[in-house]
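User: I should like to understand how the terms used for this model are justified. Please set each value against its definition.

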Amino acid sequence: MCGIVGYVGSEKCQDIVIGALERLEYRGYDSAGIASIDEEGLHLCRAVGKLAELKAKIKKMPIPGNTGIGHIRWATHGGVTEHNAHPHYATDEVVIVHNGIIENYAELKADLIEKGVVFTSDTDSEVLAHLFSHFIKKGLPPVAILQEVISKIEGAYAFTALSKSYPDTLMAARNASPLAIGLSDNMAVVASDALAIAHLTRHVIYLKDNDYAIITSKGCTIYDSNNEIANREIVQVKASPVLLDKAGFRHYMEKEIHEQPDAISHTISAMSDTTGRLTAGLDISSLSSIKGIVLLAAGTSFYAAQIGRYWIEKLAGIPVVCEIASEYHYRQPVASCQSTAIVISQSGESIDSLLAMRYAKKLGLDTFGIVNVVDSTIAREADKILPTRAGPEIGVASTKAFTAQLVVLFCLAIALGKQNGHISASRADELHHQLLKMPGAVGKSMELFDSIRPIAHKLKNASSCLFLGRDILYPLACEGALKLKELSYIHAEGFASGEMKHGPIALLQDGLPIVSFVSDDDMARKAVSNLKEADARGGHIIVVGTQSALNLLDFAAEKITIPECEPLLTPIVGAIPAQILAYLTAFEKGTDIDQPRNLAKSVTVE
Ligand code: F6R
């Protein structure tokens, strides 16, 4: 992960670099740093902790100069300490910021140490600073220096370097990690994410893999992997550059939970044509070419994929497999039954999902991206985008992007089923009609904050918690468990209810909280039997379902009643109490809700 920034121009760099880092804090937040250059030489300031710590430091000792770089860190190699924070330096000659992992750093480091280099950090990134220094000392020009450095390193990287020998120049490169260059009059700026610099300029160039660039205030020259000058298109950033506030909520997550009715209705609109007809944003030929699907995603997006699989198979009769993105391409999957890979990613930058999509492309599959960030790498590289219109999601734990992903998948399932005749036109219209009720049902679910608060109050003392569900509610159970563990740090696992008796039931002991999702369909009675088994063994049963489903569960210790809805859509409405339970439990425990420990919003390392 990590976020990097560079600025060269006519203005003082400090506030510009910090402003961009503020917009990149979702990429990591365990330490931050800034470096600059002026006529006196290099200046450097680094601090452990969130960006606020760095800001406090530079308030006392401002960073001068018009050329600077900055970094926000999510530790990979080396602990969270000031000497491991970026920028890294080599003597007083060069400073670098890096996102990614230099996979051959150990060999490079050993080689440099043999040449007499002294390392001051435990990171992989520091080798970059010393490689730069080595080639600068040889008197090479910036282009040749970059070529030499890149030829030595392996792995994923986006980096920017600043040298005393070339004080008005940023040297940058990317491979697998994102990097955007923003251009405007008398200035250029680079960042891991175009949105972080969109308040400075809307004109952006996205570097492609293995590109490198020489950047000055007058513009930039980009080279491709053949060392040829590459003409990369300048694109207009579409997304809003506003630095979002919490609009009176205590946390971004709380705000984003409340934004779901809008996120869902905007996403339904994006899936419909101008007459309101559900097309999933695809024409007939695109829909009819989909014969078999592989859904690729990570984390919460993977659970959305699993729910989507149930819908697409039930409503369209098209075979679907779900693959954890980080496993997919290493497994060498056989894709002969598939025509289409659909990658689901809120950020559109998860490296696992991106690499899985590239692999699927290599296998000859059409690639679709269900993405929330429309300027992201996955959005740009997919053959087609089915956008979630959730708006920027800042809280690290995904909420509104998840329900918006579900909406896209449900729309796709209906559109496919209607197109291939698996469901009748009237059934498709009925389901569409039921989907249109989701913003209202989800809005009503916000009332659950009050009834869930006492449950969260008790849950905060638990050391472990199980989540159960059957059929389309099984992946929701896994998502509920993920939300609880990442926010409250309580150990939580999701299981298919029917699977309990095959092993997990051994975990049951008096008072173990078991959160179970129950839908009002023919699965309900089976789920009830599974819960009775857990109840008989002392489990503290917390059930989530519509009133009609909960009527079967009078033995449950706690009941969370969600608005009545089409049973197939229970995962969307049921996601809200799962999010609220995790949010309120974390709130009771006093954990860092928007930036939980060890996590980052966009996971750009393998
Ligand atoms: C959990 C969460 C993560 C992400 C995962 C994939 O709340 O947000 O599990 O879902 O890192 O991220 P994207 O969807 O951006 O590819």
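User: What makes lysine 255 count as buried or exposed?

Analyst: This is a predicted model, in which local features need pLDDT of at least 70, side-chain atom pairs count only at pLDDT 80 or more, and totals for chains, interfaces and linings use all residues. Residues are numbered from 1 along each chain as its sequence is written, and side-chain values use heavy atoms, with hydrogens and water left out. Buried means under 20% relative accessible area, exposed over 50%, and partly exposed in between (1.4 Å probe, protein chains only). Lysine 255 has 10% relative accessibility and therefore counts as buried.

User: How do you know that lysine 255 and glutamate 259 form a salt bridge?

Analyst: A salt bridge requires a side-chain nitrogen of Lys or Arg within 4 Å of a carboxyl oxygen of Asp or Glu. For lysine 255 and glutamate 259 the N to O distance is 3.3 Å, and their side chains meet in a salt bridge. Glutamate 259 is at 23% relative accessibility, so this residue counts as partly exposed.

User: Why is the contact of arginine 331 with glutamate 323 called a salt bridge?

Analyst: The closest N and O atoms of arginine 331 and glutamate 323 are 2.2 Å apart, and the pair therefore satisfies the salt-bridge rule. Arginine 331, at 43% relative accessibility, counts as partly exposed, whereas glutamate 323, at 12%, counts as buried.

User: How many salt bridges does this rule give?

Analyst: The count comes to 25 salt bridges. Among them is the pair of aspartate 111 and lysine 115, with the closest N and O atoms 3.1 Å apart. Aspartate 111 has a relative accessible area of 38% and so is partly exposed. Salt bridges also link Arg174, Asp209, Arg358 and Glu381 in a network.

User: Why is cysteine 13 not in a disulfide?

Analyst: A disulfide is a pair of cysteine sulfur atoms within 2.5 Å. The closest cysteine sulfur to that of cysteine 13 belongs to cysteine 45 and lies 12 Å away, which means that the two are too far apart for a bond. Cysteine 13 is at 0% relative accessibility and therefore counts as buried.

User: What keeps cysteine 322 from a bond?

Analyst: The closest cysteine sulfur, in cysteine 478, is 11 Å from the sulfur of cysteine 322, so the distance is too far for a bond. Cysteine 322 counts as buried because its relative accessibility is 16%. A search of the whole structure finds zero disulfides.
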